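Open the model in your viewer and keep the selection panel at hand. The stops below are meant to be taken in order.

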Amino acid sequence: AVNIAGLREGRAIQVITSCVKAGMLLLFTVVAFAMRSHAAPQAGLVAPVLTLTGVILAYKLVAGAYAGWITPIVFSGENVSPGRSIPRALFLGIALAATLYLAVNGSLLFALGSAGIRASSLPFTTVIFRLGGELPSVLFALAAAIAVASCANANAMSSSRVLLALSQDGVLPRALRAVNAGGSPALTLCL
């Protein structure tokens, strides 16, 4: 509904929810690095056993972390200078996702140790409970809901632009080319 209201409104929601999501991950990282590991020091990390299933699952998790990296390309039709801003958005998006991904994983390793990570099916929640129990858990549950809303908003924005472009290229009906007074492709957003 916010995206149907207009481009500015949809963009504002995306910026706010993305900043909250990144901010909460950064806050988690800082606090987790401030924690002391409760694990006994180890001489070295145990080398993992590589299996085809393990490699496939690891790839899926890493690919999921970077899944939206190409999304700025979808908005090139609405961009004033796509040749300059799209490559910049792609680079900054990948750099931010990689930085947050590595920081969160590094902080988990620091806070729990390798044995603690192996022992927990949800190491993120283990660290949150160590931070103070219920209140941090509620705050991060709220942040997770905002992160889901952010992803849903990004998907709605990008998929509607794909339908709009397909209609502009004549692949889909002309009715899908309509853009409302706020600049949004309302019909494709509804689809």
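The tour goes from helix packing to a charged pair, then to a surface patch and a cysteine.

This is a predicted model, in which local features need pLDDT of at least 70 and side-chain atom pairs count only at pLDDT 80 or more, while totals for chains, interfaces and linings use all residues. Residues are numbered from 1 along each chain as its sequence is written, and side-chain values use heavy atoms, with hydrogens and water left out.

**Stop 1: helix α2 and its partners**

Select residues 7–34, which form helix α2. Helices here are DSSP runs (H or I, at least four residues), numbered from the N terminus. Add α5 (82–119): α2 and α5 pack at about 30 degrees, with axes 8 Å apart. Axes are lines fitted to C-alpha atoms over the stretch in contact, and angles run from 0 to 180 degrees between N-to-C directions. The angle makes α2 roughly parallel to α5 (under 35 degrees; over 145 is roughly antiparallel, 65 to 115 roughly perpendicular, the rest oblique). The crossing of α2 over α5 is left-handed, meaning that the near helix is turned anticlockwise from the far one by less than a right angle.

Now swap α5 for α7 (residues 134–168). With α7, helix α2 packs at about 140 degrees, the axes being 9 Å apart. That makes α2 oblique to α7. This crossing is left-handed.

**Stop 2: the salt bridge**

How many salt bridges does the structure hold? There is one, counting a side-chain nitrogen of Lys or Arg within 4 Å of a carboxyl oxygen of Asp or Glu. Select Glu78 and Arg161, whose side chains meet at 2.4 Å, N to O. Glu78 lies in the loop between α4 and α5 and Arg161 in α7, so the pair ties together parts 83 residues apart in sequence. Arg161 is buried at 5% relative accessibility, whereas Glu78 is partly exposed at 38% (buried is under 20%, exposed over 50%, partly exposed in between; 1.4 Å probe, protein chains only).

**Stop 3: a nonpolar patch**

Select Trp69, Ile70, Ile73 and Ile94, which make a nonpolar surface patch of about 360 Å². Patch residues have over 30% relative accessible area and no salt bridge; nonpolar side chains (Val, Leu, Ile, Met, Phe, Trp, Tyr) are joined within 5 Å, like charges within 9 Å. Areas come from the Shrake-Rupley method with a 1.4 Å probe, and for residues only the protein chains shown count as cover. Ile73 sits in helix α4 (residues 71–74) and is partly exposed at 43%.

**Stop 4: Cys151**

Finish in α7 at Cys151, partly exposed at 41% relative accessibility. Draw a C-alpha to C-alpha line to Ser81: the two are 25 Å apart in space and 70 residues apart in sequence.

Conventions:
Helices (H or I, at least four residues) and strands (E, at least two) are DSSP runs, numbered from the N terminus.
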